[in-house]
2 protein chains.
Amino acid sequence: MRIALDAMGTDNNPTPDVIGGLLASQERPDVKLVLIGDQRRIEAAAQAQSGGLGKIEVIHADIAVDMHDKPSEVIKGKPGSSMHVGLKLLEDNAVDAFVTMGNTGAAHAIATLHAPRRIRGVKRPALSGIFSVEGRPKIFLDIGANSDCKADWLAQFAVMGSVYASSVLGYASPRVCLLSNGEEEGKGNDLVRETAKLLKRSSLNYVGNAEPKEIFMKDVADVIVSDGFSGNLLMKTFEATTRYLSSTIRTEIKAGLLSSIGGLLIKGSMNRVKGLFDTSTVGGAPLLGVQGVVIIGHGSSTEIGVKNAVHQAVKAVEGQAVSKMTQQLAQFVTES
Amino acid sequence: MRIALDAMGTDNNPTPDVIGGLLASQERPDVKLVLIGDQRRIEAAAQAQSGGLGKIEVIHADIAVDMHDKPSEVIKGKPGSSMHVGLKLLEDNAVDAFVTMGNTGAAHAIATLHAPRRIRGVKRPALSGIFSVEGRPKIFLDIGANSDCKADWLAQFAVMGSVYASSVLGYASPRVCLLSNGEEEGKGNDLVRETAKLLKRSSLNYVGNAEPKEIFMKDVADVIVSDGFSGNLLMKTFEATTRYLSSTIRTEIKAGLLSSIGGLLIKGSMNRVKGLFDTSTVGGAPLLGVQGVVIIGHGSSTEIGVKNAVHQAVKAVEGQAVSKMTQQLAQFVTES
């Protein structure tokens with residue numbers, strides 16, 4: 001298996017990207033890694049932090065996509081970017097997966113419009129997020145690629161998420177739910193109600209609506225489907241709230257002497273909580289609906305996040321997620 | 001000033017409602033309170049917890065709206081409910097405000113369709129929430145009344161929120177923002193972009209988009225406008241996340257001996273944090289767009305929440321929020 005890793009993805013590129021790649025490579029020496037980006041800087045980063053690149057291949061790309069670049073401008077304006085190069089390798093079957101921590105919108109746009117393009121019949125590729133509740137991983141999509149969605153797009157997201165959950169996350173019959181503002185049938189907006197109709201008559205294991213408290217606190221479903229605007233708001237609200245609450249707690253604890261001592265005593269516990277909420281344990285999640293495994297992670301990722309994103313790509317390739325998705329989507333189109 | 005308080009609103013009615021009313025009445029003896037609900041149970045609750053009702057009036061209502069009642073069924077099926085009675089008093093100018101901790105959907109439906117009905121020209125009344133960032137109160141609407149919205153409805157929400165912020169929360173020129181998944185112009189869904197155009201050419205102090213991290217952590221705006229589906233998801237995600245994170249921290253701290261001791265030492269700090277996130281400090285927020293002050297609070301409210309909801313009603317009446325809103329809306333319709 002060959003995996004292309006964008007070396008220019010993280011906010012602090014290329015060090016976390018390169019070191020993360022080296023770590024993944026040490027843990028899975030059977031996987032051939034290809035780093036894509038500025039060759040001189042990649043080699044320097046590997047030399048500074050580790051004993052060099054070893055047998056990891058480098059493909060040089062002059063240009064890096066910046067976090068603030070507009071997707072539409074990257075498509076045409078930066079044709080030689082590390083993202084373009086990596087996704088082209090994927091299209092040409094020179095690699096089995098592409099992993100990046102870079103500009104999500106740009107990766108989505110290049111993968112959709114340039115290479116490897118959409119799976120036949122897919123209306124819109126969707127961006128997913130993976131997180132665990134009670135130790136069970138969930139896939140949540142769309143978390144930001146499509147702000148305005150139609151019901152049949154959401155139904156396809158459900159199929160794609162379900163295939164990923166069965167082929168990669170290991171569920172025999174993944175439970176699919178729709179994100180809504182109430183669990184009762186009939187709650188939600190027009191889009192939710194419309195999509196519910198489509199899912200009910202599909203062969204998916206559709207279990208109804210779920211509201212935020214169920215999604216984060218209960219093991220009610222394995223696949224959570226949403227339009228990209230609501231999904232993105234939900235993820236951002238979750239992140240903002242945990243950060244806000246944590247910093248408020250820290251400030252209050254540091255305000256007094258006794259509580260500061262208490263703060264030292266609970267440090268281990270707080271670090272474990274931090275670990276539970278740490279996105280680097282998953283590292284990255286798939287862009288679903290394109291003709292190949294594309295894993296996108298957070299720009300703020302550490303080398304551990306990058307390493308785990310590479311592992312996620314390996315699992316997706318091993319699970320044959322894309323070919324199974326292609327089959328299921330074709331069947332779904334025929335059924336509906 | 002006379003204020004009608006639904007005594008059958010909270011999940012544990014009538015005790016928190018009645019005691020909350022008594023507390024509010026003690027703090028503002030100039031405000032005449034009218035409790036509405038089951039007279040026998042109201043008197044018993046007052047007797048058991050306090051020295052009786054004193055000079056608080058009671059208007060008997062046989063029926064209470066249940067939290068699980070469907071709004072559409074309450075409208076016709078429970079015409080004698082405490083909500084119907086209270087809102088009719090408001091319509092008849094027998095009271096200056098109506099306060100309830102009961103079924104939000106039902107209160108919204110009765111107020112909109114039965115009494116006191118909409119302010120002339122209002123497309124849809126909106127449910128608001130009030131919370132503070134850096135000690136400054138913000139009004140956020142719609143947080144759940146209208147799941148599918150149009151841009152001109154959101155523009156009206158902006159006007160109504162802005163008037164409430166200036167007349168009740170005390171801002172000279174309230175900053176209005178739109179909830180979005182990115183702060184940059186052009187981010188958001190079609191509805192956000194469409195509404196932004198309307199707000200830009202209005203006389204409101206429109207400051208652009210705000211994403212969740214800004215809404216909760218920074219003092220970027222005084223009025224946050226959203227469709228009811230996204231607004232409801234945001235509030236529910238905030239609540240679910242704080243509850244989830246708090247319970248995770250508690251479990252981790254209790255898992256070890258040293259950390260349990262640490263937990264005791266930080267108890268005061270944690271209680272202060274709890275206070276900051278406690279919705280009972282506001283108690284309730286207005287349903288905006290109907291012809292009268294209607295304050296709705298959470299069913300889980302304690303007597304302190306109820307008391308503060310009554311105080312919110314007093315402030316809204318004193319600020320002449322509804323008459324100012326009526327004027328501003330008429331002007332807004334002419335302008336646009």
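Me: Hi! How many residue pairs are in polar contact between chain B and chain A?
Reply: The count is 12 residue pairs, both residues at pLDDT 80 or more. A polar contact is a pair of N or O atoms within 3.5 Å; within protein, one must be able to donate a hydrogen and the other to accept it, and residues adjacent in sequence count only if both atoms are side-chain atoms. This is a predicted model, where local features need pLDDT of at least 70, side-chain atom pairs count only at pLDDT 80 or more, and totals for chains, interfaces and linings use all residues. Residues are numbered from 1 along each chain as its sequence is written, chains are lettered from A and ligands numbered from 1 in the order in which they are written, and side-chain values use heavy atoms, with hydrogens and water left out.

Me: Which elements give two or more residues to chain B's side?
Reply: They are α7 (190-200), α8 (212-217), α9 (228-254), α10 (257-265) and α11 (267-276) of chain B. The most comes from α9(B), with 19 residues. Helices (H or I, at least four residues) and strands (E, at least two) are DSSP runs, numbered from the N terminus.

Me: And how do the residues on that side divide?
Reply: There are 22 nonpolar, 17 polar and nine charged. Here Ala, Val, Leu, Ile, Met, Phe, Trp, Tyr, Cys and Pro count as nonpolar, Asp, Glu, Lys and Arg as charged, and the others, Gly among them, as polar.

Me: What area is buried between the two chains?
Reply: About 4,400 Å², of which carbon and sulfur atoms give 72%. That is the accessible area (1.4 Å probe) that two parts lose on being put together, summed over both. In chain B, B:N181, B:F229 and B:Y244 lose the most area to chain A, together 14% of what that side buries.

Me: Nice. How many salt bridges are there between the chains?
Reply: Six between chain B and chain A, while the whole structure has 38 over all chains. A salt bridge is a side-chain nitrogen of Lys or Arg within 4 Å of a carboxyl oxygen of Asp or Glu. One that links the two chains joins B:E211 and A:K236, at 3.2 Å from N to O.

Me: Switching to symmetry: what rotation superposes chain B on chain A?
Reply: A rotation of 180° with 0.0 Å of shift along its axis does it, with an RMSD of 0.0 Å. The two copies are thus related as by a two-fold rotation axis. In chain B, the C-alpha nearest the axis belongs to B:G262, 1.9 Å from it. The fit is by least squares on the C-alpha atoms of residues with pLDDT of at least 70 in both copies.

Me: Now chain A alone. Is A:W153 buried or exposed?
Reply: A:W153 counts as buried, at 10% relative accessibility (buried means under 20% relative accessible area, exposed over 50%, partly exposed in between; 1.4 Å probe, protein chains only). This residue lies in helix α6 (residues 151-167) of chain A. Leaving aside neighbours within four places in sequence, A:W153 is in contact (heavy atoms within 4.5 Å) with A:K123, A:R124, A:N146 and A:D148.

Me: What does A:K123 meet in a salt bridge?
Reply: The partner is A:D152, at 3.5 Å from N to O. The pair links distant parts of the chain, 29 residues apart: A:K123 is in the loop between α5 (104-113) and β5 (126-133), and A:D152 is in helix α6. A:K123 is partly exposed at 36%, and A:D152 is partly exposed at 32%.
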